[in-house]
Amino acid sequence: MKHSYSDLAKMIDHSLLHPTMTDADLEAGCRLAAQYQAASVCIKPYAVKQAVEWLRGSGVLVGCVIGFPHGNSTTESKRYETELACKDGANEIDMVVNIGKALGGDWDYVEADVKAVCDEAHQHGAKVKVIFENDYLTSGGAGLSSDDFKRKLCEICERAGADWVKTSTGYGFVKQPDGSYNYKGATEHDLALMRASCSPKVQVKAAGGVRDLDGLIKVRELGGTRCGATATAAMMEEYRKREAAEQAGGAVHASTASIGAGGY
């Protein structure tokens, strides 16, 4: 295998964010993340304190979402939510930019919003991932093309102190011509663009649309260091299956990796 089990497992932020998840679901998700040695769980704010207990001694970090999923909270609300999460034991913060403010070109507001969260988190020793929600940015905004808009957000987030820039929430549903709602999530194009638009000190996280081991490997090859996913067990069991086959002298799997097809 080209990458070790740990290399890939420690890319995964196991997502526990669906609104219907009960406390029992969240506990089971934390146990699963510990079993497969994911990098972290990404969990709802009210559950951070309990997740810390569930994961104690496992080596799996606790991440918390802020202003999730649409980024519309006031800056002070995001800052305070970050303070509470960090005091409850969150090691990482996944915040959503104020998308409407960004599309309207109010860059000073966007930067101050991100900086307030970064400053608060860093004060507590936590790191910050800033979510763009790229499915909402396909037409660009503020007089910029889609790609230039994302480049601008990368620059602002780096200046504001972000530790990661992140493609999506996994819940950025866009209305389709037939009236249904769907999304792509992380795409190869966006991951490459975001990696090229930040200095090496800012990492890139994929979320949404990465649902199998080949997709996870593709994210790594494109420069991503983290990947939000619910398919952690399937990904890492597939790794073990391939590793066992390789050790037994079996055929090497030919990757047909594809990401950006929605799903989480």
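Student: What does the side chain of Tyr-36 make a polar contact with?
Tutor: The side chain of Glu-237, at 2.7 Å. Keep in mind that this is a predicted model.

Student: Where does Tyr-36 lie?
Tutor: In helix H2, which covers residues 23-36.

Student: Buried or exposed? I mean Tyr-36.
Tutor: Buried. Its relative accessibility is 6%, and the cut-off for buried is under 20%.

Student: Which residues is Tyr-36 in contact with, leaving aside neighbours within four places in sequence?
Tutor: Tyr-5 and Ala-9, then Thr-232, Ala-233, Met-236, Glu-237 and Arg-240. Glu-237 is the polar partner from before. Met-236 also turns up in the largest nonpolar core, among the residues with the most contacts inside it.

Student: How many residues has that largest nonpolar core, and which others have the most contacts inside it?
Tutor: It has 70 residues. Besides Met-236, the list holds Ile-43, Ile-93, Val-130, Phe-132 and Val-165.

Student: Take Phe-132. What does it touch, not counting residues up to four places away in sequence?
Tutor: Val-97, Ile-99, Leu-137, Lys-150, Leu-153, Cys-154, Cys-157, Val-165, Lys-166, Thr-167 and Met-194. Met-194 is one of the buried residues of helix H8.

Student: New topic, then. Which residues of helix H8 are buried?
Tutor: H8 spans residues 188-196, and its buried residues are Asp-190, Leu-191, Leu-193 and Met-194. They line one face of the helix, because they fall within an arc of 165 degrees seen down the H8 axis.

Student: And what do the buried residues of H8 pack against?
Tutor: Two helices, H7 (146-160) and H9 (213-221), plus strands E6 (164-166) and E9 (203-207).

How values were computed:
Residues are numbered from 1 along each chain as its sequence is written. This is a predicted model: local features need pLDDT of at least 70, side-chain atom pairs count only at pLDDT 80 or more; totals for chains, interfaces and linings use all residues. Side-chain values use heavy atoms; hydrogens and water are left out. Helices (H or I, at least four residues) and strands (E, at least two) are DSSP runs, numbered from the N terminus. Buried means under 20% relative accessible area, exposed over 50%, partly exposed in between (1.4 Å probe, protein chains only). Contact means heavy atoms within 4.5 Å. A polar contact is a pair of N or O atoms within 3.5 Å; within protein, one must be able to donate a hydrogen and the other to accept it, and residues adjacent in sequence count only if both atoms are side-chain atoms. The arc is that of the directions from the helix axis to the C-beta atoms. A nonpolar core is a set of buried Ala, Val, Leu, Ile, Met, Phe, Trp, Tyr and Cys residues joined through side-chain atoms within 4.5 Å.
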